[in-house]
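Subject: Handing over the structure, with notes on what was found

Dear colleague,

Please find the structure below, and keep it open while you read, since my notes follow it from one part to the next.

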Amino acid sequence: MKPPLRSRCDVNAVVAGVMSGAIDAIATDHAPHPGSEKMQEFEKCPFGILDWRRRWLSHSKNLVHPEKIGLARLVELFTTGPARILGLDRGTLKPGAAGDVTILSTNREWTYDVNKSFSKSRNSPFDGRTFRGGPVATIVAGRVVWKV
């Protein structure tokens, strides 16, 4: 979202960076904005879009399905990559780790409903779209806090 990937050249450069290993983490900031800030001229809107599930699906569709990278590499980009860069003891399932886990399905079909999102924001171009794959449960500190 920031900087926006405005051209095919931008997108290709990011894909090449992921494939080569030059990009070794993918992260989101989860900073929701009220609808009043998002419902204005596009150039004046704050950057961002809600819900990391779409980010996962987009990367899976554009990197894993065309076999540019493997599923394990995509998981690494979302987990151990950011943790390593930020110096956090996270993103791993090793004994004694925090136990924060998102369980993913590669096949489950589901339709996104912005009104069922936990986000305070409602700015999503994906409302009503059907997707394949994505999270089915979230575990925090070893406790299930969300599931389909």
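Strand 2, which covers residues 130-140, pairs with strand 3 in the antiparallel sense, and four bridges hold this pairing in the count. Please keep in mind throughout that this is a predicted model. Along this pairing you can find Ile139 standing opposite Val144 in strand 3, and you can also find Ala137 standing opposite Lys147 in strand 3. Strand 2 and strand 3 make a hairpin with two residues between the strands, and in this hairpin Ala141 takes a positive phi near 50°.

On its other pairing, strand 2 is joined to strand 1 by eight bridges, and these two strands run antiparallel as well. One of the places to look at here is Leu104, which stands opposite Pro135 in strand 2. Taken together, the three strands form an open sheet in the order 1-2-3, with antiparallel pairing. The edge strands are strand 1, made of residues 101-111, and strand 3, made of residues 143-147, and each of them pairs on one side only. If direction is ignored, neighbouring strands of this sheet are turned by 25° against each other on average.

How many helices and strands does the chain have in its secondary structure? The tally comes to five helices and three strands, and when the chain is read along the sequence they follow the pattern α-α-α-α-α-β-β-β.

Moving to the helices, a useful residue to select is Val18, which is found in helix 1, residues 8-20. Is Val18 buried or exposed? Val18 counts as buried because its relative accessibility is 3%, and the cut-off for buried is under 20%. Leaving aside residues up to four places away in sequence, Val18 touches Ile23, Leu63, Ile69, Arg73 and Leu77. One of these partners, Leu63, is 45 residues apart from Val18 along the chain, and yet the C-alpha atoms of the two are separated by 8.7 Å.

Another of the residues that Val18 touches, Arg73, also takes part in a salt bridge, where its side chain meets that of Glu76 at 2.7 Å, N to O. Both Glu76 and Arg73 lie in helix 4, residues 71-78, and they are three residues apart, which is about one turn of the helix. Glu76 counts as partly exposed, with 34% relative accessibility.

As general background, side chains of opposite charge can pair when their charged atoms come close. The count for this structure comes to four salt bridges, and I describe some others here. Lys94 forms a salt bridge with Asp89, and the closest N and O atoms of this pair are 3.4 Å apart; Lys94 itself is partly exposed, with a relative accessible area of 44%. Arg90 forms a salt bridge with Asp100, in which the closest N and O atoms are 2.6 Å apart. Arg90 and Asp100 are both placed in the loop between helix 5 and strand 1, ten residues apart. Arg90 is partly exposed at a relative accessible area of 42%, and Asp100 is likewise partly exposed, at 39% relative accessibility.

Which residues form a nonpolar patch on the surface? The patch consists of Ile85, Leu86 and Leu88, which together have about 320 Å² of accessible area. Leu86 has its place in helix 5, residues 80-86. Leu86 counts as exposed because its relative accessible area is 61%, and the cut-off for exposed is over 50%.

Finally, here are some values for the chain as a whole. Of its 148 residues, 27% count as buried. The chain exposes about 9,900 Å², and carbon and sulfur atoms supply 56% of that area. Among the contacts between residues at least 6 apart in sequence, 61% join residues that are at least 24 apart.

With best wishes

Key
Residues are numbered from 1 along each chain as its sequence is written. This is a predicted model: local features need pLDDT of at least 70, side-chain atom pairs count only at pLDDT 80 or more; totals for chains, interfaces and linings use all residues. Side-chain values use heavy atoms; hydrogens and water are left out. Two strands pair if DSSP finds at least two bridges between them. Axes are lines fitted to C-alpha atoms, for helices over the stretch in contact, and angles run from 0 to 180 degrees between N-to-C directions. Buried means under 20% relative accessible area, exposed over 50%, partly exposed in between (1.4 Å probe, protein chains only). Contact means heavy atoms within 4.5 Å. Accessible areas come from the Shrake-Rupley method with a 1.4 Å probe; for residues, only the protein chains shown count as cover. Patches are made of residues with over 30% relative accessible area and no salt bridge: like charges are joined within 9 Å, nonpolar side chains (Val, Leu, Ile, Met, Phe, Trp, Tyr) within 5 Å.
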